[in-house]
Every structure is written in C-alpha cells, then in structure tokens.
Amino acid sequence: MTPHSNVKDHSRTTSDHSSALLQIRSLSKSFTGVQALNAVSLQVNKGEIHALLGENGAGKSTLIKVLTGVHPRDEGDIQLDGRAIHARDSGHAQQLGISTVYQEVNLIPSMSVTENLTLQQQEKSFGLINWKKADTRARALLARVGLENLDPSRQLDRYSIAIQQLIAIARALSSEAKLLILDEPTASLDASEIKQLFSLMTQLKNQGMGIIFVTHFLDQVYDITDVITVLRNGECVGTFPTASLSRSDLVSHMVGKSLDDLATSSDHQTTGKPQNTLLTMQHVGKQRFLHPLDLTIHAGEIVGVAGLLGSGRTELCELAYGSTKPDQGHITLHPDSSATPAAEPTSLTQKSLRQAIQSGMGYCPEDRKLDGIVAELSIRENMILALQASKGWWRSIAMSEQKKLVDDMIKRLAIKTPDMDKPVGELSGGNQQKVILARWLITHPKLLILDEPTRGIDIGAHHEIIQIMQELCEQGMGLLVASSELEELVMFAHRVVVMKDHHKVAELRGSDVSEQAILHTIAS
Amino acid sequence: MINERNLPIFATLTVFLLLYGFGMYEYKGFRDTLVFTNLLTDNAFLIVTAVGMTFVILSGGIDLSVGSMIAFIGVLMAYLITSLHIHPILAIAISLIVGIAFGAIMGMIISVFEIQPFIVTLAGMFLFRGLAYLINLDAVPINHPFITALSDIYVSVPGRGGLTFIAMAMLVLLVVGILIARRTRFGMNVYAIGGDKQSAALLGVPIKKTTVKIYALSGLYSALAGVIFAIYTSSAYPLAAVGVELDAIAAVVIGGTLLTGGVGYVFGSFLGAMIQGVIQTLITFDGSLNSWWTKLAIGGLLLFFILLQKAIVFWAKKRSPAT
C-alpha cells in the first residue's frame with residue numbers, strides 16, 4: 001500500500017470559521033496497542049451534510065463513539081460551537097447537542113412511541129409525569145420528521161423498521177441537537193423510505209443543523225452530501241467537496257490505491273482448468289439482504305468476491321454456505337462425479353448446516369473471534385469440531401486418531417505452537433486463522449468458503465495462507481474467497497465477482513481480472 | 001382497540017371475576033362484602049410484596065430475598081419494641097431504613113459487579129433469614145398499646161365488611177406503586193431497562209443508579225410488608241413468610257408482567273395476589289378440600305398465564321407490523 005502524498009492537497013484548506021459547528025483537531029485513540037484513530041482532524045459546518053466514509057477498520061465507528069462519549073479519547077481536542085466539549089456518556093452528549101441515530105434502532109420496542117420519545121425528558125406537573133403534555137410534545141416531534149398522522153400511543157414495535165428509524169431521528173431532534181450523527185441509517189430502508197429520510201435531512205440542513213452521515217452506499221453519498229471525509233486505517237485521508245470528487249477518486253481513496261498507480265493487468269493466475277462443477281447458485285437471493293444472483297464454482301478454481309464494505313461480500317458467502325437461508329433461488333451442490341458417477345446433485349436450498357458440512361462444504365467466517373474459534377478450547381478441540389459435527393456428535397473420534405490428524409495439520413500449515421493442547425485464544429491472529437482452516441481441511445471439503453481469510457494477520461502469515469489456498473486449489477478443491485484486499489484477490493483468484501450495493505455487478509475472468517478493472521466496476 | 005400486550009391483564013381480571021362470581025353463585029356467605037374486605041386484609045402483606053417485586057421483574061430482574069426480609073423485619077421490630085422499648089413509630093422507621101439499605105446494597109452488587117440478581121438475592125434470602133434467627137429463635141408476641149390501637153382501626157363498609165388499618169395501608173401503597181411505575185421518570189426507566197437495556201443506556205437512562213433504586217424500592221416494599229405482617233399477626237417469628245417470595249413472583253406473573261421484563265402493570269400484581277386469595281377462600285368455603293389444593297390451582301394458573309404470554313408474543317410477531 002503506497003501512501004499518496006498528493007491526497008492532502010485536495011483537502012479544503014479554506015474553511016469558513018464563522019460557520020464551523022464541530023471542530024476535531026488531531027484526535028487519537030488506541031485500544032490495547034491498536035491505533036484506532038491517529039491524529040484525525042475534521043470540521044463540520046452548520047447547514048452541511050458531511051459524509052464520513054471508509055472501509056472496515058477505518059475508524060468511523062471509533063470516531064463516532066469518541067464524539068458521543070462512549071469511549072474516552074487519548075489525545076485531541078473537540079469543539080462544538082466554539083466550546084471545548086468532553087462528553088461523558090451518550091446522555092451527556094445529547095445534552096451538549098450531539099444526537100446520534102444508529103443503524104440498529106436504539107429505542108425500546110415494548111414501550112409506546114410517546115414513552116420512547118420523551119424518555120428521561122418528560123415534563124412533570126406536581127412531581128408526576130404529565131402524559132398530556134408528553135403526548136403533545138411527541139406529536140410535535142413526529143411532525144418534524146413528517147409523521148403527523150402516526151398514533152404515538154401505540155407500541156413502537158407495531159411500526160416498520162423505517163418508521164422506527166424516523167422516530168429515532170425525531171427523538172434525536174428532541175434535545176437541542178446542533179449536530180446529528182446518522183450511522184448507516186439507510187441499511188434497512190427501501191428506496192421510498194430513503195427518499196423520505198433524505199428530504200428530512202435536507203430540511204434539517206436548511207435549518208442550520210450539521211449532519212454527519214455514515215453510509216456504504218456511494219450513490220447516496222452523491223445524492224445528498226455536501227462534503228466527504230475519507231478515513232483509512234485510523235487516519236484522515238482528506239476532506240473533499242462532494243461535487244468535485246469523482247467516484248473513481250473516492251473509491252481509490254477508500255481502498256488506499258490510486259488508479260494511476262496500478263498496472264492495467266496484474267500477474268494474476270490464468271484460469272486453471274476448471275473441472276467439475278461443484279456448486280451452482282441460480283437466482284439466489286434474500287430480501288433486504290442480497291439481490292438474486294447466479295454463481296457457479298468449479299473444482300480446482302478460486303473465485304474471488306470483491307466489493308467495498310457493506311457491498312454484500314459476506315452476505316454472498318453466508319448464502320452460499322447456507323448459514324443464512326435464501327428466500328428465493330436454488331443452490332445445488334454437485335457430487336464428486338469421478339467417485340460416484342451416478343450420484344444425483346443435492347439441492348441445498350433448505351438443508352441444514354450439518355448437511356452442508358457433510359456434503360463437503362467448509363466456511364471460515366469474517367470475524368474469527370465472534371464466529372470462528374472457541375478461544376477457551378485447545379487447538380486440538382477446535383480443529384476436531386467440524387469433523388465431529390459431520391460425523392454426528394454420538395460417534396466419538398479416538399484420541400489417538402485426533403492427535404494424528406491435528407499433528408499432521410500443525411506440520412502441514414506450519415502452525416507455531418508448543419503443543420496442541422494450548423488454548424487457541426493464546427495464539428497469534430495468523431495462527432488462529434490457520435487453526436480454522438485446519439478445522440475444515442480435516443473434513444476434506446470439496447468447497448471451502450473463506451470470508452476475509454487474511455484480515456488482521458501479519459504479512460508473513462498472509463503469504464503462507466495465500467500459498468495454502470493455492471495448494472488446495474491445485475489439489476482440486478474449489479474456493480470462494482471474499483476479501484477487501486484487491487491486490488491479494490487479483491493475485492490468487494481465477495475469477496472475481498464484483499459486488500456493489502448488495503448486487504452482483506460483474507464477473508471478471510481471465511485477463512480481465514485486475515485491480516483497475518475491479519475499481520472501475522465498483523466506481524461506475 | 002385493546003393492545004395485545006394488555007391482554008394478559010384483562011385475562012387476569014376475567015379470571016378473578018370468574019372465580020369471585022363462582023363463589024358468589026355457589027355460597028351465600030360469599031356475597032357479603034366481608035369476604036372481599038377480608039381478602040384485602042389477609043393478603044395485604046403479599047400484595048405489598050408483589051408491588052415491590054413488580055418493579056424488579058419489570059426491569060428484567062428477580063428478588064428472592066423478600067420472604068426472608070418480611071421475617072427479619074418482623075423480628076427486628078419486635079426486638080426494638082419489646083426488648084429496647086423503642087416507640088413503635090420509631091421502630092417501624094428504623095426497620096424500613098434497614099430494608100431500604102439492604103435492598104440498595106443488593107442493587108449495588110448487582111449493578112456494579114454485574115452479577116445475576118438471582119444469585120445476589122438468593123444470598124440475601126439466606127442472610128436475612130439467618131439474621132432473624134440471630135436476633136430471636138422463637139416466636140414473640142408484640143404487645144404495645146400503639147400496635148393494638150392500629151389493629152383496632154376498622155372502617156365499616158355496607159354489609160358486614162370493613163377496612164382494617166393494614167388493608168388501607170396496602171391500598172395506599174398500591175396506589176403509590178402505580179404512580180411510581182407510570183408517572184415518574186424512574187418508573188419509565190424501569191420499563192426501558194426491562195425492554196432493552198443497551199438501547200436504554202444509549203437513550204441516556206442511568207442504568208446503574210436505576211438498578212440500585214429498583215432493589216432499594218423492593219427492599220422498602222418487602223420491609224413494609226414485614227411491618228404489615230407483624231401488625232397482622234401481632235407477633236414475630238423467624239420462620240414466618242417462608243416461600244412468600246415465590247407467591248409474590250407468581251402474583252406478578254399471573255398479573256401479566258413478562259418475566260423477561262419491559263411489559264406489565266402494578267395493578268396486575270394486585271389482581272394476581274387477589275386471585276391466590278380467592279382460591280384459598282373458595283377452598284375454605286368448600287370445607288372438604290385440603291388447603292394444598294390452593295397450590296395446585298395456583299400452579300395450574302401460573303402455567304396457563306406463562307403459555308398465554310408466549311402465545312401473545314408469538315401472535316404479535318406473526319402479525320406484520322402496521323405502517
């Protein structure tokens with residue numbers, strides 16, 4: 001990744017100080033050795049919709065959490081309306097004038113709309129809450145977000161997610177909000193609901209409010225925002241007026257590569273000799289999750305999945321594996337025709353995960369710590385998990401057999417550990433990833449799905465894991481690999497599926513696979 | 001339109017009216033107001049305990065210490081009055097402060113160390129029972145002209161019935177409980193914490209402070225129940241009110257409060273406790289049935305109400321949300 005020195009030159013150097021609402025100067029924050037934010041500076045003006053963009057781990061959510069007082073800052077200076085502020089918690093941040101609406105609706109579903117809107121702010125008469133006044137206030141707040149006709153005495157969860165999101169915004173406006181932070185509010189909304197939200201944002205902007213808008217949808221960025229700030233790896237790449245920043249420039253800022261720096265064609269592998277079809281997805285999709293798409297994976301090939309964060313990479317992996325059930329389309333897992341020529345293809349659409357494992361699929365999820373490893377269990381126990389699951393829990397695997405399998409894997413993948421009974425949680429990230437890989441390799445899968453296999457591991461382990469993947473491929477395994485590292489994808493993938501806004505927008509193959517082509521497809 | 005979340009409390013009211021109607025239809029004596037006012041008096045301590053318990057369960061917690069608290073407060077009061085010769089009013093005040101303090105300490109342990117309320121209040125349950133024995137091993141009468149005067153207060157109502165002091169005290173405490181739940185910020189925060197703790201925190205609800213207050217309130221209400229129980233029996237006994245915590249939980253659940261928190265009404269708990277009382281009275285009127293039939297009936301009702309709540313939550317989810 002080459003840092004580009006010319007980027008900062010694009011940033012707005014001329015800023016109108018009189019209209020500055022929020023000023024962040026060289027804000028830093030680290031978590032146990034990881035620098036989440038490194039000297040980030042940002043200015044949001046009154047009456048401005050400011051997009052905050054960046055890939056996973058760029059520091060967007062950390063920045064918002066520091067702003068709203070969820071995390072204390074290490075260094076730096078935050079000024080709101082010219083006064084230095086230190087928010088203690090989100091309640092205090094609201095009092096200071098910073099209101100936040102999160103992707104997940106943070107209201108109480110079992111309480112009425114009025115109760116939600118007035119919580120902690122109810123007006124009292126004679127020491128008791130005056131529900132008549134509360135109701136009037138709730139209606140006034142709802143009117144501000146265009147929900148005049150909504151019955152506020154009904155329970156919140158009787159309304160759709162989109163309405164709940166608008167109610168959350170109404171609540172955010174109830175305190176004297178000067179700055180509104182919208183953290184991916186559109187993720188669960190459909191087109192007309194987004195339109196409603198955008199007209200509200202425009203209205204608030206015209207009233208002089210500053211809005212920070214976090215989203216993954218580039219179209220929305222160009223529809224509504226005035227200014228864009230891009231974060232990458234905890235650093236501020238720059239702040240740009242939306243009108244003068246081209247899409248391809250924006251994408252290259254986000255992924256940290258400029259298109260000009262890239263060779264048009266990389267040294268990626270030429271298509272191997274695709275053998276038998278392993279998996280066919282026909283028009284597979286799920287509402288509000290992933291638009292229907294087709295995909296075929298053959299034995300002996302690596303199919304890469306590229307796209308920005310939130311573009312549907314992980315969703316595609318989950319649907320292919322079956323950990324999320326599609327609501328339309330067909331997934332067919334083809335049997336190994338060389339072994340049993342007469343076998344029928346298995347339709348997997350409505351089958352259980354255990355059947356997926358038994359029919360030769362393996363899946364390493366994106367978040368190792370959350371979904372993959374069991375940190376307290378030993379290396380051996382972690383590796384045996386999938387094999388045990390495919391055999392059925394009642395058929396125990398002899399300890400001597402377990403030890404032999406695990407020992408082979410530790411050697412084959414060069415896992416650095418003194419012994420196989422060490423808890424996995426004590427290993428380094430790269431070695432943890434290898435343990436998960438080993439878990440699936442023990443089951444001799446025909447198709448392995450890897451979501452971000454190289455995230456958060458050091459460079460050496462990086463190369464080792466890519467090498468292992470290529471070896472597996474040569475041995476005839478099919479792999480589906482989602483990755484945010486384009487350079488890496490281009491290196492090992494025979495074909496690359498490009499995802500954008502939960503759609504499959506392209507499938508590049510052969511000499512078309514290059515970083516430039518992928519970036520162009522995403523930006524177009 | 002009846003909100004489906006209010007359905008359990010209507011079901012509770014219906015069950016209460018059906019049981020009471022059955023009694024009036026079957027037994028002549030049941031028709032007198034005396035039966036109703038006696039229900040209020042006999043179940044006063046249980047109702048007061050259940051009111052405090054409602055807040056705990058609304059917040060998603062549980063308080064197992066309330067039965068032991070009743071016994072401990074009774075014994076403490078008796079000790080203060082008969083051995084130390086302190087005036088009952090002062091003795092009651094001291095007892096209530098002790099009840100609040102013990103409740104608040106449990107709330108602090110629960111919120112600061114993030115320990116399951118079940119375990120913390122279980123420890124409290126053993127501790128208070130033990131403390132009661134530490135003060136006194138036997139049952140002691142509480143003989144004080146002031147206590148006798150309180151017991152003698154009787155406001156007649158039409159028919160042969162009448163309200164005793166403890167019945168009226170219970171009604172006042174019930175109304176106060178309803179007001180705290182629905183008309184104070186604290187009450188709304190309890191509902192919010194029980195509904196969704198994380199969201200409540202993001203909405204600015206002080207979780208820890210509120211949790212301490214919830215258990216302090218439950219401590220106060222169970223201490224009040226202890227005082228009422230001592231006046232009701234004119235005595236104190238360390239083994240009193242064994243298992244009352246479970247009766248109170250049953251009353252709250254039968255009253256329509258979700259055990260997972262967030263949904264329910266204080267008035268429902270009153271009805272829940274009254275239903276238990278009516279069943280007991282019916283069995284007494286019948287004369288031939290063993291009193292353990294009460295437990296059988298309450299067990300059956302409890303099961304019915306828990307299944308009803310599950311069914312309602314299921315229906316609510318199935319019905320597509322209105323837009």
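Here is a chat between a colleague and a modeller about the structure above.

Colleague: Before we start, what kind of model is this, and what pLDDT do local features need?

Modeller: This is a predicted model, where side-chain atom pairs count only at pLDDT 80 or more, totals for chains, interfaces and linings use all residues, and local features need pLDDT of at least 70. Residues are numbered from 1 along each chain as its sequence is written, while chains are lettered from A and ligands numbered from 1 in the order in which they are written.

Colleague: Okay, chain B: how many helices and strands does the secondary structure come to?

Modeller: Helices (H or I, at least four residues) and strands (E, at least two) are DSSP runs, numbered from the N terminus. Counted that way, chain B comes to 14 helices and four strands.

Colleague: And what is the radius of gyration of chain B?

Modeller: The C-alpha trace of chain B spans about 65 × 55 × 30 Å along its principal axes. The radius of gyration is taken over C-alpha atoms, and the globule rule is 2.2 Å times the number of residues to the power 0.38. For 323 residues that rule gives 20 Å, and chain B is close to it, so it is as compact as a globular protein of that length: its radius of gyration is 20 Å.

Colleague: Let's look at helices H4 and H6 of chain B. How do they lie to each other?

Modeller: Axes are lines fitted to C-alpha atoms, for helices over the stretch in contact, and angles run from 0 to 180 degrees between N-to-C directions. The axes of H4(B), residues 66–83, and H6(B), residues 117–135, come within 8 Å and cross at roughly 25 degrees. Angles under 35 degrees count as roughly parallel, over 145 as roughly antiparallel, 65 to 115 as roughly perpendicular and the rest as oblique. H4(B) and H6(B) are therefore roughly parallel.

Colleague: What hand does the crossing of H4(B) and H6(B) have, and how many nonpolar residues does their contact have?

Modeller: A crossing is left-handed if the near helix is turned anticlockwise from the far one by less than a right angle, and right-handed if clockwise; H4(B) passes H6(B) in a left-handed crossing. Two residues are in contact if their C-beta atoms, placed from the backbone, lie within 7 Å, and those making this contact include B:Phe72 of H4(B) and B:Phe128 of H6(B). Ala, Val, Leu, Ile, Met, Phe, Trp, Tyr, Cys and Pro count as nonpolar, Asp, Glu, Lys and Arg as charged, and the others, Gly among them, as polar. There is one polar residue and one charged, and the nonpolar ones number eleven.

Colleague: Over in chain A, which strands are the edges of the six-stranded open sheet?

Modeller: Two strands pair if DSSP finds at least two bridges between them. The order here is E18-E19-E20-E15-E21-E22, with mixed pairing. An edge strand pairs on one side only, and that picks out E18(A) and E22(A).

Colleague: Which residue of E22(A) stands opposite A:Val496?

Modeller: E21(A), residues 495–500, pairs with E22(A) in the antiparallel sense over six bridges. Opposite A:Val496 in E22(A) you'll find A:Leu508.

Colleague: Helix H17 of chain A packs on that sheet. What do we call the way H8(A) lies to H17(A)?

Modeller: H17(A), residues 515–523, touches E15, E21 and E22 of chain A. H8(A), residues 247–255, packs against H17(A) at about 120 degrees, with axes 9 Å apart. Their crossing is right-handed. By that angle, H8(A) is to H17(A) oblique.

Colleague: What about the four-stranded open sheet of chain A: which residue is the bridge partner of A:Ser30?

Modeller: That sheet runs in the order E2-E1-E4-E5 with antiparallel pairing. E1(A), residues 20–31, and E2(A) share eight bridges. In E2(A), the partner of A:Ser30 is A:Gln35.

Colleague: Last one: which element gives the most to the side of chain A that touches chain B?

Modeller: The contact takes 21 residues from chain A and 22 from chain B. On the chain A side, nine are nonpolar, nine polar and three charged. Helix H2 (90–96) and strand E8 (128–129) of chain A each supply at least two residues. The element that gives the most, with three residues, is H2(A).
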